[in-house]
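Visitor: I'd like to learn how to read a few features off a model. Could you walk me through them?

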Amino acid sequence: MPKGADQRPPYAGGYGSSNSGSSLGLTYTNDGFNELSQTTIQNAYSQIPNLSVEGTNQQVTAWSAAKHIHHSPDFGLDPTKYGMTQKDLDSIAKNGLINHIRDGGTPPNDDYVKAFQQRWKRFAEHKDVRECGIQTVMGEQCYVVKHDRTRIFLAFKVDSRESYTGYQLNPDQSRNHNKNSTIGKNYKN
Amino acid sequence: MQYNKRKHLKLLKSSPKLESPRTSLTDEEFVKFLDSMPIPEENFFELEKYSAMMISHLHWENREHYFELIEKLLNGPMHFLELRKKYQAINDAGESLEANLILLEPDAKSKGFGLLIGDLIMLFDRYCPDPSLRESHELSEEELRDLVQKIFIEMKERYPENSKENV
């Protein structure tokens, strides 16, 4: 890659095919997963312990990692290593995790969610990640950390101090963030 | 800020060469990946400005197709994957052009389009169609449609289609 070319994290482009079941104790009924309540699904992921970000009181929760698993390629994770495909990630991006599972889609297994949690933790603890302070991320007050060079950010909610979301910004969004300390317009309020 | 192609090229060529393993990464490899990219200096932010201008231009050049996709979304089911994929493909194309040192002169009228379309795409992450599952920061279909409509109106006002520009 030529000097200075913009860096995209590995596997950010898409993946092939693979499939495997869940290791979270989510069991199919005759109708698939569609009778599962959000609580059941959320509880299954919540059995995975939170990870603390060293030197802070912030926590990376399994639930937030599972919900945002479609952003895991931005952090160098390959879904096919965990029995999922890019199509599964597209489905989660489009329908949300719960509906993806209820529609019979492959749930991210605990190894994948743990790996993503660990990736977020490593990212937040990296020496070159900039602490941006409290900022608005899509209308939510969050603690934000950002790696300027890759334009990847990670946000923790101020009220709960739990992980919220993280992914790679486009250059315009990154510039806007540097200038105005916000990510995404708060169109809702 | 004025776009300066020569400066953009110079900055691309003079920025530190960065390792970019494009394979699945272990935690250690991911940390090394971040380590391999030095903390940016002033030049980086200038380069980022030029990159943003060029990629915004690429999004803007595709505005008519974007508008079609948004209209389809507003007039039908909330199937936004095509829109999201187009957005990602254009970002990738921009990065690929830069990687190959191929630069396009951005039209001044394209300024800010990349940010607006990026903000629109980000909204989809907050969409939760099922009210029983919805968290406080998430959006219902109606709320999402309203916001998409709002951004769409802003887009059409600020960035008219080619045929309308020439009227």
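Visitor: Let's start with a strand pair. Which residue is the bridge partner of Gln135(A) in β4(A)?

Guide: This is a predicted model, and in it Gln135(A) is bridged to Cys142(A). That bridge sits in a wider pairing: β3 (residues 130-137) and β4 (residues 140-147) of chain A run antiparallel, with seven bridges.

Visitor: In what order do the five strands of the open sheet in chain A come?

Guide: Read it as β6-β5-β4-β3-β7, with mixed pairing. At the edges are β6 (163-168) and β7 (182-183) of chain A, each paired on one side only. Helix α5 (residues 110-125) of chain A lies across β4, β5 and β6 of that chain, at about 100 degrees to β5(A).

Visitor: Now helices. How do I describe two that pack?

Guide: You give the angle between their axes and the distance between the axes. Take α6 (residues 171-180) of chain A and α3 (residues 42-61) of chain B: their axes come within 8 Å and cross at roughly 135 degrees. The two are therefore oblique to each other, and the crossing is left-handed.

Visitor: Which residues of α6(A) meet α3(B)?

Guide: Pro171(A), Asp172(A), Ser174(A), Arg175(A) and Asn178(A) do, and their partners in α3(B) include Phe45(B), Glu48(B) and Ile55(B). By class, the residues of this contact are four nonpolar, four polar and four charged.

Visitor: And how many residues does each chain bring to the whole contact?

Guide: Chain B brings 57 and chain A 47. On the chain B side, α3(B) gives the largest share, nine residues. That side divides into 29 nonpolar, twelve polar and 16 charged residues.

Note on methods. Residues are numbered from 1 along each chain as its sequence is written. Chains are lettered from A and ligands numbered from 1 in the order in which they are written. This is a predicted model: local features need pLDDT of at least 70, side-chain atom pairs count only at pLDDT 80 or more; totals for chains, interfaces and linings use all residues. Axes are lines fitted to C-alpha atoms, for helices over the stretch in contact, and angles run from 0 to 180 degrees between N-to-C directions. Helices (H or I, at least four residues) and strands (E, at least two) are DSSP runs, numbered from the N terminus. Angles under 35 degrees count as roughly parallel, over 145 as roughly antiparallel, 65 to 115 as roughly perpendicular and the rest as oblique. A crossing is left-handed if the near helix is turned anticlockwise from the far one by less than a right angle, and right-handed if clockwise. Two residues are in contact if their C-beta atoms, placed from the backbone, lie within 7 Å. Ala, Val, Leu, Ile, Met, Phe, Trp, Tyr, Cys and Pro count as nonpolar, Asp, Glu, Lys and Arg as charged, and the others, Gly among them, as polar. Two strands pair if DSSP finds at least two bridges between them.
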